[in-house]
Amino acid sequence: MKILAIESSCDETSVSVCEGREVLSVVTDTQIAEHKKYGGVVPEIASRRHTEAISRITKEALKNANLSFSQIDAVAVTFAPGLIGALLVGVNYAKGLAYSLGVPLIPVHHLRSHIAANYITHKDLKPPFLCLLVSGGNSLIVKVNDYTDFEIIGRTRDDAAGECFDKSARVMGLDYPGGVMLDKIATEPDFVKFPMPWPKVDGCPFDFSFSGLKTAVINTAHNLNQKNIPIDVSVLSATVRKRVCDILIANTLAAAEQEGFTKIVLAGGVSANSELRSRMTEECKKRGYELYFPEKKYCGDNAAMVGVQAAYEYNSGNIAGTELNAMATLDINYN
(Lines give C-alpha, C1' and ligand atoms only; values in the text may rest on other atoms or scores of the structure.)
Protein backbone atom coordinates (compact mmCIF):
# COMPACT_ATOMS: atom_id res chain seq x y z
CA MET A 1 0.00 0.00 0.00
CA LYS A 2 1.57 3.26 -1.15
CA ILE A 3 0.70 6.15 1.14
CA LEU A 4 1.34 9.81 0.37
CA ALA A 5 1.82 11.55 3.70
CA ILE A 6 1.73 15.24 4.59
CA GLU A 7 3.23 16.99 7.63
CA SER A 8 2.64 20.71 8.34
CA SER A 9 2.19 20.97 12.11
CA CYS A 10 4.79 23.70 12.71
CA ASP A 11 7.49 25.16 10.45
CA GLU A 12 8.37 22.23 8.20
CA THR A 13 6.31 21.47 5.09
CA SER A 14 7.03 17.83 4.36
CA VAL A 15 5.61 15.25 1.96
CA SER A 16 6.62 11.60 1.76
CA VAL A 17 5.64 8.45 -0.06
CA CYS A 18 5.85 5.30 2.06
CA GLU A 19 5.08 1.63 1.64
CA GLY A 20 4.92 -0.02 5.05
CA ARG A 21 8.16 0.91 6.84
CA GLU A 22 9.92 1.69 3.59
CA VAL A 23 10.36 5.36 2.70
CA LEU A 24 10.19 5.73 -1.08
CA SER A 25 10.74 9.49 -0.94
CA VAL A 26 10.58 12.41 1.45
CA VAL A 27 10.84 16.10 0.64
CA THR A 28 10.95 18.70 3.40
CA ASP A 29 10.78 22.45 2.88
CA THR A 30 12.22 24.09 5.98
CA GLN A 31 11.43 27.59 7.20
CA ILE A 32 14.29 27.86 9.70
CA ALA A 33 16.09 30.65 7.87
CA GLU A 34 13.00 32.85 7.88
CA HIS A 35 11.96 32.25 11.50
CA LYS A 36 15.56 32.68 12.62
CA LYS A 37 15.12 36.43 12.17
CA TYR A 38 12.46 36.44 14.89
CA GLY A 39 14.10 33.98 17.29
CA GLY A 40 11.24 31.49 16.98
CA VAL A 41 8.31 30.36 14.84
CA VAL A 42 5.83 33.05 13.77
CA PRO A 43 2.56 31.12 13.22
CA GLU A 44 1.11 33.37 10.52
CA ILE A 45 4.31 33.26 8.48
CA ALA A 46 4.50 29.47 8.92
CA SER A 47 0.96 29.02 7.58
CA ARG A 48 1.64 31.21 4.58
CA ARG A 49 4.82 29.35 3.69
CA HIS A 50 3.04 25.98 3.98
CA THR A 51 0.43 27.23 1.52
CA GLU A 52 3.12 28.31 -0.93
CA ALA A 53 5.13 25.08 -0.70
CA ILE A 54 2.74 22.18 -0.32
CA SER A 55 1.69 21.63 -3.92
CA ARG A 56 5.24 21.96 -5.20
CA ILE A 57 6.83 19.52 -2.77
CA THR A 58 3.98 17.00 -3.22
CA LYS A 59 4.82 16.81 -6.90
CA GLU A 60 8.51 16.59 -6.07
CA ALA A 61 7.94 13.72 -3.60
CA LEU A 62 5.98 11.78 -6.21
CA LYS A 63 8.66 12.41 -8.83
CA ASN A 64 11.40 11.19 -6.46
CA ALA A 65 9.39 8.02 -5.79
CA ASN A 66 8.89 7.47 -9.55
CA LEU A 67 5.13 7.46 -9.04
CA SER A 68 2.13 9.36 -10.37
CA PHE A 69 -0.92 10.52 -8.41
CA SER A 70 -2.92 7.61 -9.85
CA GLN A 71 -0.56 5.11 -8.19
CA ILE A 72 -1.23 6.40 -4.67
CA ASP A 73 -3.44 4.11 -2.55
CA ALA A 74 -4.13 6.51 0.36
CA VAL A 75 -3.40 10.00 1.62
CA ALA A 76 -2.30 10.57 5.22
CA VAL A 77 -1.98 13.85 7.08
CA THR A 78 -0.99 15.18 10.48
CA PHE A 79 -4.21 16.62 11.91
CA ALA A 80 -3.18 17.22 15.57
CA PRO A 81 -1.57 18.62 17.63
CA GLY A 82 0.30 21.70 16.41
CA LEU A 83 -0.14 25.27 15.21
CA ILE A 84 -3.74 25.39 14.08
CA GLY A 85 -3.18 27.51 10.99
CA ALA A 86 -0.27 25.37 9.87
CA LEU A 87 -2.20 22.14 10.44
CA LEU A 88 -5.17 23.42 8.46
CA VAL A 89 -3.04 23.90 5.36
CA GLY A 90 -2.01 20.25 5.37
CA VAL A 91 -5.42 18.91 6.36
CA ASN A 92 -7.32 20.84 3.70
CA TYR A 93 -4.84 19.93 0.98
CA ALA A 94 -4.96 16.26 2.01
CA LYS A 95 -8.75 16.21 2.04
CA GLY A 96 -8.94 17.68 -1.46
CA LEU A 97 -6.28 15.31 -2.76
CA ALA A 98 -7.84 12.17 -1.26
CA TYR A 99 -11.29 13.17 -2.54
CA SER A 100 -10.05 13.88 -6.07
CA LEU A 101 -8.10 10.60 -6.21
CA GLY A 102 -10.90 8.57 -4.65
CA VAL A 103 -8.62 7.05 -2.02
CA PRO A 104 -8.86 6.79 1.79
CA LEU A 105 -7.86 9.73 3.99
CA ILE A 106 -5.89 8.70 7.07
CA PRO A 107 -5.66 11.14 10.00
CA VAL A 108 -2.40 10.80 11.97
CA HIS A 109 -1.53 12.16 15.41
CA HIS A 110 1.77 14.06 15.37
CA LEU A 111 3.18 12.40 18.49
CA ARG A 112 2.31 8.90 17.28
CA SER A 113 4.31 9.76 14.17
CA HIS A 114 7.37 10.68 16.21
CA ILE A 115 7.29 7.24 17.84
CA ALA A 116 6.90 5.65 14.40
CA ALA A 117 10.11 7.36 13.23
CA ASN A 118 11.84 4.51 15.07
CA TYR A 119 10.19 1.97 12.79
CA ILE A 120 12.02 3.49 9.82
CA THR A 121 15.42 3.09 11.48
CA HIS A 122 14.69 -0.20 13.27
CA LYS A 123 12.75 -2.48 10.92
CA ASP A 124 12.29 -5.19 13.56
CA LEU A 125 11.09 -2.94 16.41
CA LYS A 126 7.64 -3.91 17.66
CA PRO A 127 5.49 -2.92 20.65
CA PRO A 128 5.18 -3.23 23.55
CA PHE A 129 7.85 -0.82 24.78
CA LEU A 130 8.27 2.28 26.90
CA CYS A 131 8.82 5.54 25.03
CA LEU A 132 10.33 8.82 26.22
CA LEU A 133 8.82 11.33 23.80
CA VAL A 134 10.43 14.77 24.08
CA SER A 135 10.10 17.81 21.85
CA GLY A 136 9.62 21.55 21.92
CA GLY A 137 5.97 21.21 22.87
CA ASN A 138 5.73 17.84 24.62
CA SER A 139 7.49 15.71 27.22
CA LEU A 140 5.83 12.37 27.81
CA ILE A 141 6.58 8.88 29.06
CA VAL A 142 4.30 6.58 27.10
CA LYS A 143 3.51 2.90 27.34
CA VAL A 144 3.22 1.79 23.71
CA ASN A 145 1.09 -1.31 24.06
CA ASP A 146 0.48 -1.64 20.34
CA TYR A 147 0.86 0.47 17.21
CA THR A 148 -2.31 2.44 17.96
CA ASP A 149 -2.65 1.72 21.69
CA PHE A 150 -0.92 4.23 23.97
CA GLU A 151 -0.99 5.00 27.68
CA ILE A 152 0.59 8.12 29.18
CA ILE A 153 2.24 7.43 32.55
CA GLY A 154 4.30 10.61 32.79
CA ARG A 155 3.94 14.09 31.34
CA THR A 156 5.14 17.63 31.83
CA ARG A 157 3.03 19.77 34.13
CA ASP A 158 4.20 23.03 32.51
CA ASP A 159 6.99 23.53 29.96
CA ALA A 160 8.39 20.81 27.73
CA ALA A 161 12.06 19.89 27.75
CA GLY A 162 12.52 21.31 24.27
CA GLU A 163 10.99 24.62 25.29
CA CYS A 164 13.35 24.80 28.26
CA PHE A 165 16.28 24.31 25.87
CA ASP A 166 14.95 26.82 23.34
CA LYS A 167 14.14 29.59 25.84
CA SER A 168 17.45 29.07 27.66
CA ALA A 169 19.32 29.34 24.37
CA ARG A 170 17.42 32.47 23.42
CA VAL A 171 18.26 34.31 26.66
CA MET A 172 21.91 33.37 26.11
CA GLY A 173 21.81 34.95 22.66
CA LEU A 174 22.03 31.75 20.63
CA ASP A 175 20.47 31.50 17.18
CA TYR A 176 17.23 29.66 16.37
CA PRO A 177 16.70 26.70 16.62
CA GLY A 178 17.97 27.22 20.13
CA GLY A 179 18.02 23.65 21.41
CA VAL A 180 20.19 22.51 18.53
CA MET A 181 22.63 25.40 18.97
CA LEU A 182 22.81 24.86 22.74
CA ASP A 183 23.72 21.21 22.22
CA LYS A 184 26.45 22.13 19.73
CA ILE A 185 28.32 24.63 21.91
CA ALA A 186 27.91 22.93 25.31
CA THR A 187 31.19 21.93 26.98
CA GLU A 188 31.43 20.87 30.64
CA PRO A 189 28.70 21.60 33.22
CA ASP A 190 29.45 23.55 36.39
CA PHE A 191 26.73 23.45 39.06
CA VAL A 192 28.86 25.47 41.46
CA LYS A 193 29.08 28.34 39.03
CA PHE A 194 25.51 27.89 37.79
CA PRO A 195 23.29 26.18 40.42
CA MET A 196 20.27 24.61 38.73
CA PRO A 197 17.18 23.15 40.43
CA TRP A 198 15.84 19.64 39.94
CA PRO A 199 12.05 20.20 39.97
CA LYS A 200 9.86 17.27 41.00
CA VAL A 201 6.10 16.73 41.15
CA ASP A 202 4.88 15.49 44.53
CA GLY A 203 3.03 12.19 44.31
CA CYS A 204 3.76 11.80 40.57
CA PRO A 205 7.31 10.45 40.23
CA PHE A 206 7.18 10.11 36.42
CA ASP A 207 5.85 13.62 35.69
CA PHE A 208 8.11 16.48 34.62
CA SER A 209 8.32 20.18 35.43
CA PHE A 210 10.75 22.37 33.50
CA SER A 211 9.40 25.90 34.08
CA GLY A 212 11.45 26.42 37.26
CA LEU A 213 14.61 25.29 35.52
CA LYS A 214 13.92 27.60 32.58
CA THR A 215 13.29 30.50 34.97
CA ALA A 216 16.57 29.78 36.79
CA VAL A 217 18.49 30.07 33.53
CA ILE A 218 16.71 33.29 32.58
CA ASN A 219 17.37 34.82 36.01
CA THR A 220 21.01 33.78 35.89
CA ALA A 221 21.49 35.42 32.50
CA HIS A 222 19.66 38.61 33.51
CA ASN A 223 21.64 38.95 36.76
CA LEU A 224 24.94 38.62 34.91
CA ASN A 225 23.84 41.12 32.27
CA GLN A 226 22.83 43.66 34.91
CA LYS A 227 26.28 43.37 36.47
CA ASN A 228 27.98 43.57 33.04
CA ILE A 229 29.52 40.15 33.61
CA PRO A 230 29.93 38.10 30.40
CA ILE A 231 27.94 34.87 30.33
CA ASP A 232 30.04 31.74 29.94
CA VAL A 233 27.57 30.47 27.36
CA SER A 234 29.24 27.11 26.67
CA VAL A 235 29.36 26.16 30.35
CA LEU A 236 25.84 27.41 31.10
CA SER A 237 24.58 25.49 28.06
CA ALA A 238 26.27 22.32 29.31
CA THR A 239 24.86 22.81 32.81
CA VAL A 240 21.30 23.25 31.54
CA ARG A 241 21.66 20.31 29.16
CA LYS A 242 22.91 18.04 31.93
CA ARG A 243 20.10 18.95 34.30
CA VAL A 244 17.40 18.41 31.67
CA CYS A 245 18.93 15.04 30.78
CA ASP A 246 19.23 14.14 34.48
CA ILE A 247 15.49 14.62 34.86
CA LEU A 248 14.45 12.88 31.63
CA ILE A 249 16.65 9.84 32.22
CA ALA A 250 15.85 9.42 35.92
CA ASN A 251 12.08 9.51 35.37
CA THR A 252 12.20 7.18 32.38
CA LEU A 253 14.34 4.57 34.09
CA ALA A 254 12.17 4.72 37.21
CA ALA A 255 9.08 4.18 35.06
CA ALA A 256 10.72 1.27 33.21
CA GLU A 257 11.61 -0.41 36.49
CA GLN A 258 8.16 0.00 38.00
CA GLU A 259 6.29 -1.02 34.84
CA GLY A 260 8.60 -3.91 34.00
CA PHE A 261 9.93 -2.66 30.67
CA THR A 262 13.36 -3.63 29.35
CA LYS A 263 12.80 -2.10 25.90
CA ILE A 264 13.05 1.71 25.79
CA VAL A 265 12.53 4.03 22.83
CA LEU A 266 13.41 7.70 22.41
CA ALA A 267 11.35 9.91 20.10
CA GLY A 268 10.74 13.55 19.23
CA GLY A 269 13.02 16.42 18.32
CA VAL A 270 14.94 16.32 21.61
CA SER A 271 15.82 12.67 20.98
CA ALA A 272 18.53 14.08 18.69
CA ASN A 273 20.26 15.65 21.71
CA SER A 274 23.77 14.22 21.92
CA GLU A 275 23.93 13.93 25.72
CA LEU A 276 20.51 12.34 26.02
CA ARG A 277 21.43 9.69 23.45
CA SER A 278 24.86 8.90 24.90
CA ARG A 279 23.83 8.84 28.55
CA MET A 280 20.67 6.84 27.94
CA THR A 281 22.72 4.36 25.92
CA GLU A 282 25.12 4.00 28.84
CA GLU A 283 22.38 3.62 31.45
CA CYS A 284 20.47 1.04 29.43
CA LYS A 285 23.64 -0.94 28.82
CA LYS A 286 24.27 -1.08 32.59
CA ARG A 287 20.79 -2.52 33.13
CA GLY A 288 20.71 -4.85 30.16
CA TYR A 289 17.89 -2.86 28.52
CA GLU A 290 17.34 -2.53 24.78
CA LEU A 291 17.43 1.10 23.59
CA TYR A 292 16.18 2.47 20.28
CA PHE A 293 16.21 5.96 18.81
CA PRO A 294 15.69 7.29 15.26
CA GLU A 295 18.32 8.46 12.85
CA LYS A 296 18.79 12.18 13.46
CA LYS A 297 17.21 13.08 10.12
CA TYR A 298 13.94 11.52 11.36
CA CYS A 299 13.96 13.10 14.83
CA GLY A 300 12.54 16.44 13.69
CA ASP A 301 9.21 16.92 11.94
CA ASN A 302 9.00 15.00 8.67
CA ALA A 303 6.33 13.29 6.58
CA ALA A 304 8.09 9.91 6.44
CA MET A 305 7.18 9.17 10.06
CA VAL A 306 3.57 10.19 9.27
CA GLY A 307 3.40 7.77 6.36
CA VAL A 308 4.79 4.87 8.39
CA GLN A 309 2.35 5.42 11.27
CA ALA A 310 -0.49 5.87 8.78
CA ALA A 311 -0.23 2.24 7.69
CA TYR A 312 -0.96 1.09 11.25
CA GLU A 313 -3.76 3.63 11.63
CA TYR A 314 -5.35 2.35 8.42
CA ASN A 315 -5.11 -1.26 9.57
CA SER A 316 -6.87 -0.31 12.80
CA GLY A 317 -9.74 1.29 10.87
CA ASN A 318 -8.77 4.89 11.47
CA ILE A 319 -10.06 6.51 8.29
CA ALA A 320 -11.59 10.00 8.00
CA GLY A 321 -13.89 11.77 5.59
CA THR A 322 -14.16 15.34 4.40
CA GLU A 323 -15.37 16.32 7.88
CA LEU A 324 -11.82 15.93 9.24
CA ASN A 325 -10.64 19.07 11.02
CA ALA A 326 -7.32 20.14 12.52
CA MET A 327 -6.89 20.28 16.30
CA ALA A 328 -4.28 22.35 18.12
CA THR A 329 -4.24 20.02 21.15
CA LEU A 330 -5.11 16.34 21.48
CA ASP A 331 -3.78 13.54 23.70
CA ILE A 332 -1.85 10.75 22.02
CA ASN A 333 -4.37 8.19 23.32
CA TYR A 334 -7.38 10.07 21.91
CA ASN A 335 -9.27 7.02 20.65
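Visitor: Which residue in S9 is the bridge partner of Leu130?
Guide: This is a predicted model. Strand S6 (residues 129-134) pairs with S9 in the parallel sense, over four bridges. Within S9, Leu130 has as its bridge partner Ile264.

Visitor: Which residue in S10 stands opposite Ile264?
Guide: S9 also pairs with strand S10 (residues 290-292). That pairing is parallel and has three bridges. Opposite Ile264 in S10 stands Leu291.

Visitor: Is strand S9 largely enclosed or largely open?
Guide: Start with the directions of its residues. Lys263, Val265 and Ala267 point one way, while Ile264 and Leu266 point the other way, and all are buried. Five of the five residues of S9 (residues 263-267) are buried, so the rest of the structure leaves this strand largely enclosed.

Visitor: Why do the residues of a strand point two ways?
Guide: Take S9 as the case: Ile264 and Leu266 point one way, and Lys263, Val265 and Ala267 the other. The general reason is that, in a regular strand, side chains alternate between the two faces of the sheet.

Visitor: Which residue in S2 stands opposite Glu7?
Guide: S1 and strand S2 (residues 12-19) run antiparallel, joined by six bridges. A hairpin of four residues leads from S1 to S2. Opposite Glu7 in S2 is Ser14.

Visitor: And in S4, what is the bridge partner of Ile6?
Guide: S1 pairs with S4 as well, here in the parallel sense and over four bridges. Five of the six residues of S1 (residues 2-7) are buried, so the strand is largely enclosed by the rest of the structure. The bridge partner of Ile6 in S4 is Val77.

Visitor: How many aromatic pairs does a search of the whole structure find?
Guide: Some of the rings form a cluster. Ring pairs link Tyr119, Tyr147 and Tyr312. For the whole structure, the number of aromatic pairs is five.

Visitor: Is the pair of Phe79 and Tyr334 stacked or edge-to-face?
Guide: The ring centres of Phe79 and Tyr334 are 5.8 Å apart. Their planes stand at 75 degrees, and over 60 counts as edge-to-face. So the pair is edge-to-face.

Visitor: How many residues apart are Phe79 and Tyr334?
Guide: This pair links distant parts of the chain. Phe79 sits in strand S4 (residues 74-80), and Tyr334 in the segment after helix H10 (303-315). Their separation in sequence is 255 residues.

Visitor: Is Tyr334 buried, partly exposed or exposed?
Guide: Its ring partner Phe79 is buried, with a relative accessible area of 5%. Tyr334 has 28% relative accessibility. Buried needs under 20% and exposed over 50%, so Tyr334 is partly exposed.

Visitor: Is the pair of Phe208 and Phe210 stacked or edge-to-face?
Guide: Phe208 and Phe210 are both buried. Their ring centres are 5.8 Å apart and their planes are at 20 degrees. Planes under 30 degrees apart count as stacked, so this pair is stacked.

Visitor: With which side chain does Asp159 make a polar contact?
Guide: Asp159 is in the loop between strand S8 (149-155) and helix H5 (161-171). At 10% relative accessibility, Asp159 is buried. Leaving out residues up to four places away in sequence, Asp159 touches Phe210, Ser211 and Lys214. Its side chain makes a polar contact, at 2.9 Å, with the side chain of Lys214.

Visitor: Which side chain does Glu275 meet in a polar contact?
Guide: Glu275 belongs to helix H9 (residues 274-287). At 12% relative accessibility, Glu275 is buried. Beyond four places in sequence, its contacts include Asp183, Lys242 and Cys245. The polar contact, at 2.9 Å, is with the side chain of Arg241.

Visitor: Over which ring does the charged end of Lys200 sit?
Guide: Lys200 lies in the loop between helix H6 (178-185) and helix H7 (211-226). With 66% relative accessibility, Lys200 is exposed. Its charged end sits 5.4 Å from the centre of the ring of Trp198.

Visitor: What is the radius of gyration of the protein?
Guide: The protein has ten helices and ten strands. Its C-alpha atoms fill a box of roughly 65 × 45 × 30 Å along the principal axes. For 335 residues, a compact globule would have a radius of gyration near 20 Å. The protein agrees, at 20 Å.

Conventions
Residues numbered from 1 in each chain as written. Predicted model: local features only at pLDDT ≥ 70, side-chain atom pairs only at ≥ 80, totals over all residues. Heavy atoms only, no water. Helix = DSSP H or I, 4+ residues; strand = E, 2+ residues; numbered from the N terminus. Buried < 20%, exposed > 50% of the residue type's maximum accessible area, 1.4 Å probe, protein only. Polar contact = N/O pair within 3.5 Å; in protein donor to acceptor, adjacent residues only side chain to side chain. Contact = heavy atoms within 4.5 Å. Phe/Tyr/Trp six-rings, centres within 6.5 Å; stacked < 30°, edge-to-face > 60°. Lys NZ or Arg CZ within 6 Å of the ring centre and 35° of its normal. Pairing = 2+ DSSP bridges. Rg over C-alpha atoms; globule rule 2.2 N^0.38 Å.
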